[in-house]
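Trainee: I should like to go through the reasoning behind some of the terms applied here. May we begin with a single residue and then turn to the rings?

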Amino acid sequence: MTNLDVELTDVNPMMKRALAAGGAALALCFLGAYFDRQQFFRSYLMAYVFWLGIPLGCLAIVMIHHLVGGRWGFVIQRPLESAIRTFPLMALLFLPVLFGISDLYVWAQPENVAHDKLLQQKSLYLNTSSFIVRAALYFGIWMALGTLLTKWSHEQDRAPDSSFIERLQNLSGPGLVLYGLTVTFSAIDWLMSLEPRWYSTIYGMIFIIGDGLFALAFVLGVAYFLSRRQPLSEVMGPPVFQDLGNLLLAFVMLWAYISFSQFLLIWVGNHNKEIPWYLHRMVGGWGGIAVALIILQFALPFLLLLSRAVKRKAAALCAVAVIVAVMHWVELFWLVAPSFYPKGFSLHWTSLLAPIGVGGVWFAAFLWQLKARPLLPFRDPRFVAMMEEAKGA
């Protein structure tokens with residue numbers, strides 16, 4: 001036992017409040033389904049994809065950490081792993097989406113497919129059976145990767161064996177390839193196919209980067225919360241927050257680059273099958289949201305994160321992370337909701353309650369996982385070497 005081998009023990013009240021709030025919000029949403037079934041599934045899908053972005057993004061970040069190393073990764077490794085271990089819960093929470101396939105997707109409605117040649121041509125891929133099989137495959141891969149990464153990390157806590165490092169690195173390289181493929185196709189299946197006549201080869205990449213940005217913003221908030229507690233207070237200082245701020249800046253710039261690239265290619269191409277997707281998102285209130293995304297999802301965080309002082313001050317960096325996380329939900333709403341309301345802005349009350357419901361249940365599960373293991377990988381030889389080097393300096 002070392003002074004770094006400390007577990008989180010005082011989050012039970014927070015966990016109970018999150019679960020109660022989530023359960024109450026979901027109950028109201030299910031009640032709303034009785035009056036408007038389609039709207040419930042639309043709101044639930046957006047909320048579900050939003051919160052799924054955290055474990056997905058954390059999966060990618062933890063694999064990047066195992067490949068490149070760095071103190072920044074060790075201080076957030078356990079929050080990352082705790083989020084990854086919520087995949088079984090997210091698989092369970094996906095069930096309402098399966099029950100609402102025919103309410104959400106035009107290609108799952110036989111009466112529409114029968115009169116649409118394009119949908120008939122795409123039916124080999126876009127059909128209910130293959131949709132369910134592919135979803136099971138995605139979750140199987142994510143859970144398999146997450147289980148191995150967290151299992152070997154936990155075993156390393158019990159025995160300081162350097163062979164675990166090699167295992168984690170050997171898995172992380174191919175794992176990132178599988179991650180990219182599964183997130184891309186899941187974005188196509190669950191969101192892009194809401195408008196099956198439109199397509200974009202960059203669409204999946206937007207969600208890969210967006211999930212990474214959202215996950216990093218979330219764990220930054222968790223790191224700020226834990227940085228005032230043992231043992232994180234011993235290892236988290238301005239240099240670590242500066243590294244995390246630099247990484248957040250990189251994700252912000254990459255998100256802006258990918259998002260603008262898709263817009264530029266479609267706008268310049270001016271193809272009548274592609275450009276209406278953006279036209280629907282520039283009128284009737286949707287255009288105002290697009291401007292807000294440019295300012296608050298890119299310009300403001302970019303300018304703030306250029307400041308070394310902001311990145312080295314934990315509270316200021318956490319505030320930037322909160323802005324990024326909130327705007328990620330706004331972005332997802334802007335990407336998905338116009339598929340259902342192309343003529344103008346519309347915000348239903350279930351679209352506000354569903355994120356609270358899914359998020360409350362997910363956050364309670366996250367805290368339950370976070371308190372189950374030590375907050376630092378205190379027996380990882382790489383982390384031990386860094387701590388000894390820091391003491392020597």
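Mentor: The side chains of Gln262 and Tyr278 make a polar contact at 2.9 Å. This is a predicted model, in which local features need pLDDT of at least 70 and side-chain atom pairs pLDDT 80 or more, while totals for chains, interfaces and linings use all residues. Residues are numbered from 1 along each chain as its sequence is written, and side-chain values use heavy atoms, leaving out hydrogens and water.

Trainee: What makes the pair of Gln262 and Tyr278 a polar contact?

Mentor: The term requires N or O atoms within 3.5 Å, where within protein one must be able to donate a hydrogen and the other to accept it, and residues adjacent in sequence count only through side-chain atoms on both sides. The value for Gln262 and Tyr278 is 2.9 Å, so the distance criterion is met.

Trainee: Why does Gln262 count as buried?

Mentor: Buried means under 20% relative accessible area, with a 1.4 Å probe and protein chains only. Gln262 has 2% relative accessibility and therefore counts as buried.

Trainee: Why is the pair of Trp277 and Trp334 called edge-to-face?

Mentor: The structure holds 43 aromatic pairs, Phe, Tyr or Trp rings (six-membered ring for Trp) with centres within 6.5 Å. The rings of Trp277 and Trp334 have centres 6.3 Å apart and planes at 80°; planes over 60 degrees apart count as edge-to-face, under 30 as stacked and the rest as tilted. The pair is therefore edge-to-face. Both Trp277 and Trp334 are buried.

Definitions and conventions: Buried means under 20% relative accessible area, exposed over 50%, partly exposed in between (1.4 Å probe, protein chains only).
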